[in-house]
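Please work through the exercises below with the sequence and the 3D structure open beside you. Each one sets a task and then gives a solution in steps.

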Amino acid sequence: MTSAPGGDLGARGHILVVDDELSMREYLELLLQREGYTVTSVAGVKGACDVLAQDGVDLVISDLKLGTGSGLDVLRVARARPASPEVVLITAYGTPAAAVEAMREGAYDYICKPFDNEEMRLLVQKALEKRSLRQENSGLRARLFPGLDGVVGQSARMQAVWALVEKVASGRSTVLVMGESGTGKELVGRAIHMRGSRAARPFLPFNCAALNEGTLESELFGHVKGAFTGATSDRSGLLVAAGDGTVMLDEVGEMPLATQVKLLRVLQERKVKPVGSAAEIPFQARVIAATNRRLEAEVKAGRFREDLFYRLNVITVDLPPLRERSGDISLLANFFLSRMAEELGRPALRFAPETLALLDRYTFPGNVRQLQNIVERAATLSDSDLLSPATLPPAVRGDSDPAVRTLEGGEPGLGAGFNLERHLDESERRYLIAAMKQAGGVKTRAAELLGLSFRSFRYRLAKHGLTDDMEPGGMGDA
């Protein structure tokens, strides 16, 4: 094994040369050192594996034929490294089949002997530029979206999710992200976008439950001047405005049936018809949909079109709730606390062991979002750097919540300050029933008692099979 720096050690990059011919190794060493690269050379696959195991290699240049081994073996080892180097394969046997196999396995490029020195210099430069850009993008993603690489999700369930994200990121297929509220569906959508070729393009999330039918169509498909009151000029919808980027349709299960029909046609034809226009406009954006509903059940209930479900459900990413992510709660809690410590300028902030134990036992009906809010609350309100159990909300400590009082018969009453999103757990159905009884069957009043929007309240009733004829005296909307 030979290792020799040229100029400033590693200033331009560390290159590993793998060739069983000594003369070729020496030739490449001399050529690359003159360009200012650090060069390590080995004769075979075993030596290459030893060097790669130490990390720090930016580019591998390997002969395809290595006596008893193969440059493809070196390529596979290199690509398996966490910060994988680029790989260029050299061979005297420049068959199309070999080139296709090398590229399929992830090689940056393929060059045939004998090669021109300038051709090799340019190839090395381009390969290193690509790796540098890849590292820069990876660092940017880590700063913008911490945790995308499994840093705050090491359970088997989340590792499977990230593995699927990596597989689908480079394609254009529609992806359906499913999971309870607070599990991080938009984070997954962003991860798919950032890991693919569209990363430099816009990522436009859109909440399908936030607008009425007419406004929803205008926002998605666009409109022309005069299409409706207030349409003073032409406007491109999100699907066109995103260009080659990504549009994420959040809460797609809340979309009205009439809009579902139009969205289905848009996805099939890859064209939109702006509101008030007869012309169709093609669009290139990738579509990712997200929902906290089980759409199969919504289809059976007639609230979601079956054909649209299958159009969206090309690839499904199913996010597990936090209570099913064994081992992730403490990891996430410490991650969120480290961010709060930096933000508050209190680097000594830490959890007491018994505090983490309480968090580990809690079911987190609000999932990751709820955990993040709990950590922020504890860090902000604590006078001590050691966060004791007293910094946690009563529900997490197992104490009764003053906003919930028990009525005769053991059914919960609902007092001022109650908000269902903070307390949803296995007793959600019981709270819904209690709210309806306390409100005398008036749904709008029951929704107010629970701190929910009317639309969200109706959805939760349907989810638990609580129909309009539930006692007492049926359920009225007002």
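**Exercise 1: A strand and its two faces**

In this predicted model, examine strand β9, decide whether the side chains on its two faces are buried or exposed, and then find which strands pair with β9.

Solution. Begin with the faces: Val175 and Val177 point to one side of β9, Leu176 and Met178 point to the other, and all four are buried, so that both faces are covered, given that buried stands for under 20% relative accessible area. Next, look along the edges of the strand, where β9 pairs with β16 in the parallel sense over four bridges, and where Val177 stands opposite Ala290 of β16. Finally, turn to strand β17 (residues 315–318), which runs parallel to β9 and is joined to β9 by four bridges; here Leu176 is the residue that stands opposite Thr316.

**Exercise 2: The largest nonpolar core**

Identify which residues touch the most other members of the largest nonpolar core, and establish which element gives the most residues to this core.

Solution. The core comprises 29 residues, and among these Leu239 and Leu249 touch the most other members. The elements that supply two or more residues to this core include β9 (175–178), α8 (213–221), β13 (246–250) and β16 (286–291), together with the helices α9 (238–241), α10 (257–269), α11 (295–300) and α12 (306–312). Of the contributors, α10 gives the most, namely four residues. To see the packing from one position, take Leu249 and set aside its neighbours within four places in sequence: Leu249 is then in contact with Phe206, Cys208, Leu220, Leu263, Val287, Ile288, Ala289 and Ala290. A second core, separate from this one, has 25 residues, including Leu322, Met340, Ala378 and Leu387.

**Exercise 3: A salt bridge inside one helix**

Take the salt bridge between Lys46 and Asp50, and work out where its two residues lie and how accessible Lys46 and Asp50 are.

Solution. The side chains of Lys46 and Asp50 meet at 3.4 Å, N to O. Both residues belong to helix α2 (residues 45–52), in which they are four residues apart, or about one turn of the helix. As for accessibility, Lys46 counts as exposed because its relative accessibility is 64%, whereas Asp50, with a relative accessible area of 37%, is partly exposed.

**Exercise 4: Salt bridges between separate parts**

The structure holds 22 salt bridges; for the pairs Arg195 with Glu166 and Arg323 with Glu180, determine which parts of the chain each pair ties together.

Solution. The side chains of Arg195 and Glu166 meet at 2.6 Å, N to O. Arg195 lies in helix α7 (residues 185–195) and Glu166 in helix α6 (residues 156–168), so this pair ties together parts that are 29 residues apart in sequence. Arg195 counts as buried because its relative accessibility is 15%, while Glu166, at 46%, counts as partly exposed.

For the other pair, the side chains of Arg323 and Glu180 meet at 2.5 Å, N to O. Arg323 is in the loop between β17 and α13 (328–344), and Glu180 is in the loop between β9 and α7, so the parts tied together are 143 residues apart in sequence. Arg323, at 42% relative accessibility, counts as partly exposed, and Glu180 is partly exposed with a relative accessible area of 28%.

As a last step, locate Glu254, Arg293, Glu298 and Arg303, which are linked in a network of salt bridges.

Methods
Residues are numbered from 1 along each chain as its sequence is written. This is a predicted model: local features need pLDDT of at least 70, side-chain atom pairs count only at pLDDT 80 or more; totals for chains, interfaces and linings use all residues. Side-chain values use heavy atoms; hydrogens and water are left out. A nonpolar core is a set of buried Ala, Val, Leu, Ile, Met, Phe, Trp, Tyr and Cys residues joined through side-chain atoms within 4.5 Å. Buried means under 20% relative accessible area, exposed over 50%, partly exposed in between (1.4 Å probe, protein chains only). Contact means heavy atoms within 4.5 Å. Two strands pair if DSSP finds at least two bridges between them. A salt bridge is a side-chain nitrogen of Lys or Arg within 4 Å of a carboxyl oxygen of Asp or Glu.
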